[in-house]
Amino acid sequence: MAGYRVHEYDVLVVGAGGAGLRAAIAAAQEGARTAIVCKTLLGKAHTVMAEGGVAAALATVDSEDNWRVHFRDTMRGGKLINDWRMAMIHAQEAPDRVLELEEWGAVFDRTADGRILQRPFGGHRYARLAHVGDRTGLELVRTLQQKALSLGIDVFMETSIVRILKDSQRVAGALGFRRDTGELLVFRAKAVVLATGGIGKCYKVTSNSWEYTGDGQALAFWAGAELMDMEFVQFHPTGMVWPPSVRGVLVTEAVRGEGGVLLNSRGERFMFHYIPDYYRAETAETPQEADRWYHDKRNNRRPPELLPRDVVARAINAEIKAGRGSPHGGVYLDIASRRSPKEIKHLLPSMYEQFAKLADVDITKEPMEVGPTMHYMMGGIRVDPETAATSVPGLYAAGEVACGLHGANRLGGNSLSDLLVFGRRAGIYAARYANSLPQAPTFSGDEVETAANELIEPLHRADGENPFALQAELQETMQNLVGIVRTGDELKEALHKIQELKDRTKRVAAVGDVIYNPGWHMAISLGPLLVVAEAIALSALERRESRGAHTRDDYPKEDPHQASFNLVVSADLQGRPQLRKEPRPEMPQELKKILEEV
Amino acid sequence: MALRTIRIFRGTAGNGTFVDYQVEVEEGNVVLDAVLKVQAQLAPDLAVRWNCKAGKCGSCSAEINGLPRLMCMTRMTLFPPDRPVTIAPLKAFPLIKDLVTDVSINYHIARQIPPLRLRPPGPDGIRRMTMDDIERAREFRQCIECFLCQNVCHVLRDHPENWALFFGPRWMVRLAELEMHPLDDDDRRNFLKEKAGVGYCNITKCCTEVCPAEIRITDNAIIPLKERVADLHYDPFRWLLDRLRGKRPIPRPEERVEKAAAS
Ligand SMILES: Cc1cc2nc3c(=O)[nH]c(=O)nc-3n(C[C@H](O)[C@H](O)[C@H](O)COP(=O)(O)OP(=O)(O)OC[C@H]3O[C@@H](n4cnc5c(N)ncnc54)[C@H](O)[C@@H]3O)c2cc1C
Ligand code: SF4
Ligand code: SF4
Ligand code: FES
């Protein structure tokens, strides 16, 4: 792997999901020479799979909605340890970002008077999710992808970034390789925006694809930036459970938003038994009231099926453990008895197709079997709320790879809006920073050489472990020991196992050559996966309480004192992860008032 | 569980062959499951594209027993259990390795299509469209860019030199989507004829047959586009009138059938 090609840009965006595309558009519009790098083909990023919708207080359906209520819902969903500045910016800017998509050609579902239609979702007080049936992500990605192409942004497809390059302290570019040829690529760039998405492939049962190996989080960690809130991993309550090969594939929350209910094997609508005190005042007490809410939101309270995801996932988990699960180890999600076949096919076309084709289930006639699936990473790279800058000059992050907005638990629909709001900000501020530098800082050739050698090593080992087998062991560990319900002892055991896997990673071998070689790619991904897994387990061990998505069996209560800090992980001088408690900034009076009043 | 033989094309351009692998196939498995099992257990360097495993991203196109399909939406039970299931890469695109082909030409075509141009919004600044307005274009917006239609269109498959002349069905769908955007304000007729080469399509409907998003590519996208282009060339005066009156709607398929029956 000698020789490499050098490409030069002002801003390099890593990732072509919603956050990366939006960032690149913003950077290009600021006049920066911009390129996008992504691991897959353009338009295949995770965002394309998003189903339910994008949250924004457009108030087209419920005129009472406004940014204050959206802010409040987001903070309450996040159990108040969100970065309140991000939550405020997000709630204020989301409507403009959605309307802007419409300017660029997106076509959302409509209300009777021709405006954007919004649907109810868990934890959102009002109908707030702008959507396109259950294919919202597809619309969002296509619109942004076409906009980016029309601005002449260069795209390097099927290319992985493996290192951020720096001079002594600032970003100077990034090192990557083409997956289809193995060719090494060096990007000289003044600023880099990380928009690489999540970490799902740490877990066995997940709605995430092979791409989600925590690359961005690890790149930032290695470059000296900080990770925060890593203990908060969201398990979506409803993933498919059967057949085995689709276990974990997402069943959108829109099924419940459109009236679907959860039932146990006795046919009970069990969510009424799991309403936390915190949400009692705003949740319906009886099925009758819950059903009336869909038509009259003013005089009725929300169905408990629409409680935040952490609550619903734990409830399902408890029902299954208590022996009231379905034959394949889930519970039932029923829309068939609640809506006409025609409505179901119109509102949830891709769910209809997914179950018909993959599970032989006709969701207009019978209930689905569902269970929790690892879905979203609330934690990630710590950023400045206004500029999306990390602590490393020139390094920016947005989207699922970043953190702060969602706190201890993300509300549905708040990710797509996050991508647009903070993707744009990251692009703008990265471009402005880049424009302020006369030229890109320089990095050392040695650094490139060392990284390149490390990259190629697995291909040179004559024999060693199968990288896929190692990944499977990690997934098993995280699923069993760092899952929905955690204990101190199990977390320690997980850390022990992660250490062992780290050592064994140095001995994995990949057969074949550098041309489109998934075994080799997996060997490279083990590094990031393990960085992330360790950060999650360390943070989870340190937070001795249950809050949002983080549930400790040995500390089952939420502890108000622990709302005063976030946990931050960064590399020490030897590159090992170190933890610290970051005190949370005081919220201004007027925002506190919103939380109390609205 | 049953042991099945999967026959996969292995190799690079001009240097490849089919190799048989045996894997355990479980209830409900799709072809992609079998391929990924081969990759995890027997051939870690087997190249294959996939992402969502749910028919949403359009990454996993291949020719399965000769049928162009998505591997993640094709159940193993579709094929007789006692015979191998043969999986080959898309034929119309240059091979990179194993099941992965170079589809980049599609992204070059995408760059040539001018972006949407919208009419100004109403006096209140709101862009109003009704559910009825958007219904027609909605079909086209479901395209997952699997490029199966590009792969089977014989204009391109049998005559690679035609790539320079004809954008292919996926991009006809994209152009139809723009044309039928309720607020669209552009005239693409020259572009359709001269650049996109809509005239090259001879309505064989092979593309429609393979589309996993069930888009009726030929009937609902290409034929209306052809009619638009025909309008321009037969009657420039009517075109001018149309512009003055606002854009002329494209007749719906059922109306077209009626018109044809009447004439
Ligand atoms: C099935 C499903 C349904 C969902 N539904 C909703 C919903 O309805 N509403 C909602 O708000 N949220 C939803 N979410 C969550 C939301 O879709 C994601 O959080 C969001 O799309 C993440 O976007 P992103 O731009 O951060 O990253 P992604 O869209 O995942 O993009 C990441 C990009 O980074 C690239 N990349 C990664 N690593 C590297 C590397 N090393 N080098 C180069 N490139 C790299 C990838 O190739 C990809 O292009 C859903 C998620 C899933 C899985
Ligand atoms: S109908 Fe036209 S575009 Fe479709 S396959 Fe036939 S010739 Fe190609
Ligand atoms: S039109 Fe259909 S077949 Fe063609 S790329 Fe789109 S989804 Fe695939
Ligand atoms: S993997 Fe996404 S369509 Fe098959």
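Trainee: Which residues of helix α2 of chain B are buried?

Mentor: In this predicted model, helix α2 of chain B spans residues 105-112, and its buried residues are N106(B), Y107(B), I109(B) and A110(B). Seen down the axis of α2(B), these buried residues fall within an arc of 155°, so they line one face of the helix.

Trainee: What do the buried residues of α2(B) pack against?

Mentor: They pack against elements of both chains, namely α4 (136-150) of chain A together with α4 (148-152) and α6 (169-179) of chain B.

Trainee: How should I read the contact between the chains, and what area is buried between chain B and chain A?

Mentor: The size of an interface is often given as the accessible area lost when the parts come together. Here the area buried between chain B and chain A is about 4900 Å², and carbon and sulfur atoms give 54% of that area. Of the area that chain B buries against chain A, N51(B), K56(B) and R111(B) supply 14%, more than any other three residues. Counted by residues, 56 of chain B are in contact with 62 of chain A.

Trainee: Turning to strands, which residues of β4 of chain B are on its covered face, and which on its uncovered one?

Mentor: In a regular strand the side chains alternate between the two faces of the sheet. In strand β4 of chain B, residues 67-70, the covered face holds P68(B) and L70(B), whereas L67(B) and R69(B) belong to the uncovered face.

Trainee: How many bridges join β3 of chain B to β4(B)?

Mentor: Four bridges join β4(B) to strand β3, residues 61-64 of chain B, and the two strands run antiparallel. Within this pairing, I64(B) stands opposite L67(B). The hairpin that β3(B) and β4(B) form has two residues between the strands, and N65(B) takes a positive phi near 45° there.

Trainee: Where in chain A can I follow strand pairing further, and which residue is the bridge partner of Y332(A) in β14(A)?

Mentor: Begin with strand β12 of chain A, residues 261-263, which is joined by three bridges to strand β13 of chain A, residues 331-334, in an antiparallel arrangement. L263(A) stands opposite Y332(A) of β13(A). β13(A) also pairs in the antiparallel sense, over three bridges, with strand β14 of chain A, residues 368-377, and in β14(A) the bridge partner of Y332(A) is E369(A).

Trainee: How do I judge single residues: is H521(A) buried or exposed?

Mentor: H521(A), which lies in helix α16 of chain A, residues 518-542, counts as buried because its relative accessibility is 5%, with under 20% being the cut-off. Leaving aside neighbours within four places in sequence, H521(A) is in contact with F177(A), R179(A) and Y516(A).

Trainee: And is K342(A) buried or exposed?

Mentor: K342(A), found in helix α10 of chain A, residues 341-347, counts as exposed because its relative accessibility is 71%. K342(A) and T364(A) are 22 residues apart in sequence and, C-alpha to C-alpha, 8.4 Å apart in space.

Trainee: Finally, how many residues surround ligand 2, and which are the closest?

Mentor: Ligand 2 is surrounded by 13 residues, the closest being C153(B), C201(B), T204(B), K205(B) and C207(B). The elements giving two or more residues to this shell are α5 (154-157), α8 (206-210) and α9 (217-234) of chain B. By class, the shell around ligand 2 has eight nonpolar, four polar and one charged residues.

Trainee: How do the residues of the shell around ligand 3 divide?

Mentor: That shell divides into ten nonpolar residues, no polar ones and one charged. The residues around ligand 3 include C143(B), E145(B), F147(B) and P212(B).

Definitions and conventions: Residues are numbered from 1 along each chain as its sequence is written. Chains are lettered from A and ligands numbered from 1 in the order in which they are written. This is a predicted model: local features need pLDDT of at least 70, side-chain atom pairs count only at pLDDT 80 or more; totals for chains, interfaces and linings use all residues. Side-chain values use heavy atoms; hydrogens and water are left out. A residue is near a molecule or strand if one of its heavy atoms lies within 4 Å of it. Ala, Val, Leu, Ile, Met, Phe, Trp, Tyr, Cys and Pro count as nonpolar, Asp, Glu, Lys and Arg as charged, and the others, Gly among them, as polar. Buried means under 20% relative accessible area, exposed over 50%, partly exposed in between (1.4 Å probe, protein chains only). The arc is that of the directions from the helix axis to the C-beta atoms. Contact means heavy atoms within 4.5 Å. Two strands pair if DSSP finds at least two bridges between them. Buried area is the accessible area (1.4 Å probe) that two parts lose on being put together, summed over both.
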